[in-house]
Amino acid sequence: MGEQQQVQFPQEVIDEYAALGVDLPALFSAGHLGTRMGVQILSASAEEVVGTMPVEGNTQPYGLLHGGASAVLAETLGSVGSMLHGGSSKIAVGVDLNCTHHRGVRSGMVTGVARPVHRGRSTATYEIVISDEEGKRVCTARLTCLLRDVRPGDGEPVGVSG
């Protein structure tokens, strides 16, 4: 599925998180699941997060893009947007994900675009539109994340304690 591409962040943002002991590029990656599924985050800001995922390797038994794969892409993109909105003192935790699947896709790449619906102090909600290579809408999702305070160890890989 290829190597995970890293999102480029301004140095001052990386430094802000590093001062808190948080590895920003790792925190904003698609993680192990996203890597296995070939999720690539192309651009990221609190206003818009864009990412892609191949259909190949992410299909259900009938050869169509699996709805759960669309959900992984949607939650990844919405979570990144929520984290960027929350800033370095908050971590985004998904509390509600809703996906409506509009059409099947059998091949190629899908692209997801997450844009905010609500950005508050304690929650953030993003709408994520996933489209095929022809620009046809495949899935519309909505993700709400709780924005909670960063705790020691939040930026460390699973299984590492400090």
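This report describes the nonpolar core, a surface patch and the salt bridges of a predicted model.

The largest nonpolar core has 30 residues, and those that touch the most other members are Met53, Leu65, Leu73, Leu77, Val110, Ile128 and Ile130. Two or more residues each come from strand S2 (49-54), helix H4 (67-86), strand S3 (90-101), strand S4 (109-119), strand S5 (123-131) and strand S6 (137-149), and the largest share, seven residues, is given by H4. Leaving aside residues up to four places away in sequence, Leu65 touches Met53, Val55, Asn58, Thr59, Gln60, Ser70, Val105, Val110 and Val138.

On the surface, Val93, Val95 and Leu146 form a nonpolar patch whose accessible area is about 220 Å² together. Leu146, which is found in strand S6, counts as partly exposed because its relative accessibility is 37%.

The structure holds five salt bridges, and the table gives three pairs, among them one between Arg119 and Glu47.

| Salt bridge | Closest N to O |
|---|---|
| Arg119 and Glu47 | 3.3 Å |
| Asp149 and Lys90 | 2.9 Å |
| Asp96 and Arg142 | 3.3 Å |

Arg119 in strand S4 and Glu47 in the loop between strand S1 (40-44) and S2 are 72 residues apart, and the pair links distant parts of the chain. Asp149 lies in strand S6 and Lys90 in strand S3, so this pair ties together parts that are 59 residues apart in sequence. Asp96 in strand S3 and Arg142 in strand S6 likewise tie together parts that are 46 residues apart in sequence. Asp96 counts as partly exposed at 36% relative accessibility, and Arg142 is partly exposed with a relative accessible area of 37%.

Conventions
Residues numbered from 1 in each chain as written. Predicted model: local features only at pLDDT ≥ 70, side-chain atom pairs only at ≥ 80, totals over all residues. Heavy atoms only, no water. Core = buried A, V, L, I, M, F, W, Y, C linked by side-chain atoms within 4.5 Å. Buried < 20%, exposed > 50% of the residue type's maximum accessible area, 1.4 Å probe, protein only. Helix = DSSP H or I, 4+ residues; strand = E, 2+ residues; numbered from the N terminus. Contact = heavy atoms within 4.5 Å. Patch = residues over 30% accessible without salt bridge, like charges linked within 9 Å, V, L, I, M, F, W, Y side chains within 5 Å. Areas by Shrake-Rupley, 256 points an atom, 1.4 Å probe, with all protein chains shown as cover. Salt bridge = Lys/Arg side-chain N within 4 Å of Asp/Glu carboxyl O.
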